[in-house]
Amino acid sequence: MKILITGASRGVGAQLAILLARDKHRLFLLARNQRALIGVCQTCNAIAGEEVAIPLVFDLKDLLEDECNFLEHLKQYTTSLDVLVNNAGFLMNRDFEKITTSISRSVFDVNYFGPEALIRVCLPMLKASSEASVINITSMGAVQGSVKFPGLSVYSASKGALAILTECLAEELKSDGIRVNALAFGSVQTEMLDEAFPGLKASSTAEEMGSFVKWFVLEGCKRFNGKMLPVSDSTP
Ligand SMILES: NC(=O)c1ccc[n+]([C@@H]2O[C@H](COP(=O)([O-])OP(=O)(O)OC[C@H]3O[C@@H](n4cnc5c(N)ncnc54)[C@H](OP(=O)(O)O)[C@@H]3O)[C@@H](O)[C@H]2O)c1
């Protein structure tokens, strides 16, 4: 399969890529940190025993400014995509009173507008696949009725926007045979969590969550459309 994963330079995205490389899927890995991203690609290629991973060093915020440039770049490597995993994210833990609209926009740029733009840009390539699927990574904080945490208002709202986009696009893209689902993660032990909540012990490792997402990419997504599935072992 041809799979584009954003946020693949570390955390869950990197683990997902490494796990998919074992089966020699063709991977297009996007993130800003060139060194880290190339390192993940090298690991994937070593595991696969051939060149399966292509690094796409892009900032999702730039993609918003110049969608054509990104598309032209991607077209050098492929004309179709089977799966787009919108995994890149920006977690900001800050009191609502200390957030300005400009800060809020920067969170939405990565967590909502970036994924939205990427889906639009990739649509022609997804339409060229007979088993296309978009998987948006959101958060338990975006699940209605779930426990909420102070400091995560804008982050959770941006993930909530992505969740609603998921539901709407599943309907709109149904006639093109493209499934659109979201996975709402509970806490995962990654650098993102460590930076935002130092000392917090998460219920999953990045590899465990990557393994679940791999299953969803290859199998699980075939049974769902327009759903946001909570991936958490805590209640509510
Ligand atoms: N960890 C958790 O507890 C948790 C809980 C709920 C939901 N999630 C969600 O799960 C997903 C993966 O999280 P994680 O914990 O693995 O995070 P992470 O370790 O911080 O990784 C985030 C990834 O996103 C990339 N990224 C960030 N800003 C970007 C931008 N502007 N353009 C392109 N790439 C960008 C980062 O790469 P570069 O820095 O190289 O760009 C990195 O590869 C995120 O969507 C997150 O919101 C995580």
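At the heart of this briefing is an open sheet of 7 strands, in the order S3-S2-S1-S4-S5-S6-S9 and with parallel pairing. Two strands pair if DSSP finds at least two bridges between them; helices (H or I, at least four residues) and strands (E, at least two) are DSSP runs, numbered from the N terminus. The model is predicted, so local features need pLDDT of at least 70 and side-chain atom pairs count only at pLDDT 80 or more, while totals for chains, interfaces and linings use all residues. Residues are numbered from 1 along each chain as its sequence is written, and side-chain values use heavy atoms, leaving out hydrogens and water.

**The sheet**
- Strand S3 (53-57) and strand S9 (228-231) are the edge strands, each pairing on one side only.
- On average, neighbouring strands of this sheet are turned by 20° against each other, direction ignored.
- Strand S1 (residues 2-6) and strand S4 (residues 83-86) run parallel and are joined by 3 bridges.
- Leu 4 stands opposite Leu 84 in S4.

**Helices on the sheet**
- Helix H2 (residues 34-48) packs on the sheet, where H2 touches strand S2 (26-31) and S3; contact means heavy atoms within 4.5 Å.
- The direction of H2 makes about 170° with that of S3; angles run from 0 to 180 degrees between N-to-C directions, and axes are lines fitted to C-alpha atoms, for helices over the stretch in contact.
- H5 also packs on the sheet, touching S1, S4 and strand S5 (133-139), and its direction makes about 175° with that of S4.

**H4 against H5**
- Helix H4 (residues 67-75) packs with helix H5 (residues 101-127) at an angle of about 40°, their axes 10 Å apart.
- That makes H4 oblique to H5, because angles under 35 degrees count as roughly parallel, over 145 as roughly antiparallel, 65 to 115 as roughly perpendicular and the rest as oblique.
- Among the residues that meet are Phe 70 and Leu 74 in H4, and Leu 118 and Met 125 in H5.

**H5 against H6**
- H5 and helix H6 (residues 153-172) pack at about 20°, with axes 8 Å apart.
- That angle makes H5 roughly parallel to H6.
- Residues in this contact include Phe 108 and Tyr 112 in H5, and Leu 162 and Leu 165 in H6.
- By class, the contact of H5 with H6 has 12 nonpolar, 3 polar and 2 charged residues; Ala, Val, Leu, Ile, Met, Phe, Trp, Tyr, Cys and Pro count as nonpolar, Asp, Glu, Lys and Arg as charged, and the others, Gly among them, as polar.
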